[in-house]
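I opened the notebook to look up cores, one helix face and charged pairs, and I keep the entries in that order.

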Amino acid sequence: MEVREHYSLKRHNTFGLDVKARRYIRLESPDESEAAAEAARGMPILFLGEGSNILFLDDFDGAVIHLDADGPIRFEERGDDILLDIPGGKRWHDVVEETVRRGWSGIENLALIPGKAATAPVQNIGAYGREIADVLESCKAYDFQTGRFRTFRAEECRFGYRHSIFKEPEYRDRFLITFLRLRLRKNGTPLTDYGSLRRELERRGIVRPGPLDVFEAVSAIRRRKLPDPARIGNAGSFFKNPVVDADAYRSLSNRYPDMPAYPLPDGRYKIPAGWLIEKAGWKGYRRGDVGVHPRQALVLVNYGGATGREIYRLSQDIVRDVEDKFGIRLEREVRVIPPPPED
Ligand code: EPU
């Protein structure tokens, strides 16, 4: 375990913001959880994977807990299924890559998502028609309040769109996820309904895609559209895609017949926030070192020297403008630390 004081988090958040943590605690194994809890006692806690979904407005006046424990994935066959036990500190993309190389299906659509395995269930990562909730059996977590390990079965995780129990007030900043158990298919058929994925596979002339084909197609789409955080600071989608009721959808689609929308089972519609932001004229916008990515309007970027507050102010301007133009209030998908007063 490594403990540092007033430690720069620049390398630990994908926006590349140079903020400091009062204390930084790096665990090399889940066995160090108790010692980490002891070292953080009395301070606000923040669990950080790769910091790929977070916007710091200030230094963090508390203890950052960073699980850096890599290690092998354990496999167990169960008929046509395969169960995987994944150390929380493993890079998510490495997990995806290893499974597709073995020909297993289930998470190939979730290629190139930055972050650690441990943080994937927290916001129920999702892309191209698949969410981790679809394949997660359980996760093991250390409770910083009681000092005990606890296993959460998938049903207990309260998964929703970019949501889980680990985001809810009484669970947030309390459970350090140390292991994931996933159930994949040995000979499964990948999910390829998502429009841009289907088109990419067609373009490649692939008729019966396997997991590796989907993995490569998704990686290609993401590389084209999304900025690489190693080069341009960003946290992926900054906002969630809003959901509107059928009346609101009808009046909007009368006004904007080209507006994409996805019907939900409950009769409501999900509207791509990227489309709304682009239509409002923000795509490619830049002021100083903050901007809206030119190829995906849902992504805010730090071109180098931006501060968290500048990025946040830009997001406020976008929220106001989209609300004025479309009557839809966008919600942020990234976690803002410290939480700002409602704007
Ligand atoms: N669109 C625009 N302009 C834009 C961006 C998108 O018109 O600037 C339109 C596209 O043409 C398309 C629709 O919006 O018709 C959807 O676009 P896309 O397929 O790029 O997906 P998204 O809804 O913008 C969501 C996730 C992404 C995920 C993709 C693919 C959220 C908040 N975002 O984006 O997740 O990769 O779908 O499944 O749900 C992330 O969470 O960080 C993330 C990147």
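The entries below start with how the model was read and then go through what I looked up.

I am working from a predicted model, in which local features need pLDDT of at least 70, side-chain atom pairs count only at pLDDT 80 or more, and totals for chains, interfaces and linings use all residues. Residues are numbered from 1 along each chain as its sequence is written, and side-chain values use heavy atoms, with hydrogens and water left out.

**Cores.** I looked up the largest nonpolar core (buried Ala, Val, Leu, Ile, Met, Phe, Trp, Tyr and Cys residues joined through side-chain atoms within 4.5 Å) and found 41 residues, of which W92, I107, I132, F152 and L180 touch the most other members. Among the elements that each supply at least two residues of this core are helix 2 (92-101) and strand 12 (175-185), helices and strands being DSSP runs (H or I, at least four residues; E, at least two) numbered from the N terminus. A second, separate core has 36 residues, including L57 and I318.

**Helix 5.** In residues 246-255 I noted Y249, L252 and S253 as buried (under 20% relative accessible area; exposed is over 50%, partly exposed in between, with a 1.4 Å probe and protein chains only). Seen down the axis, the buried residues fall within an arc of 95 degrees, so they line one face of helix 5; the arc is taken from the directions from the helix axis to the C-beta atoms. On the other side, D247 and N254 are exposed.

**Charged pairs.** My search of the whole structure gave 43 salt bridges (a Lys or Arg side-chain nitrogen within 4 Å of an Asp or Glu carboxyl oxygen). One of them joins R181 and D85 at 2.9 Å, N to O. R181 lies in strand 12 and D85 in strand 7, so this pair ties together parts that are 96 residues apart in sequence. D85 is buried at 13% relative accessibility, while R181 is partly exposed at 22%.
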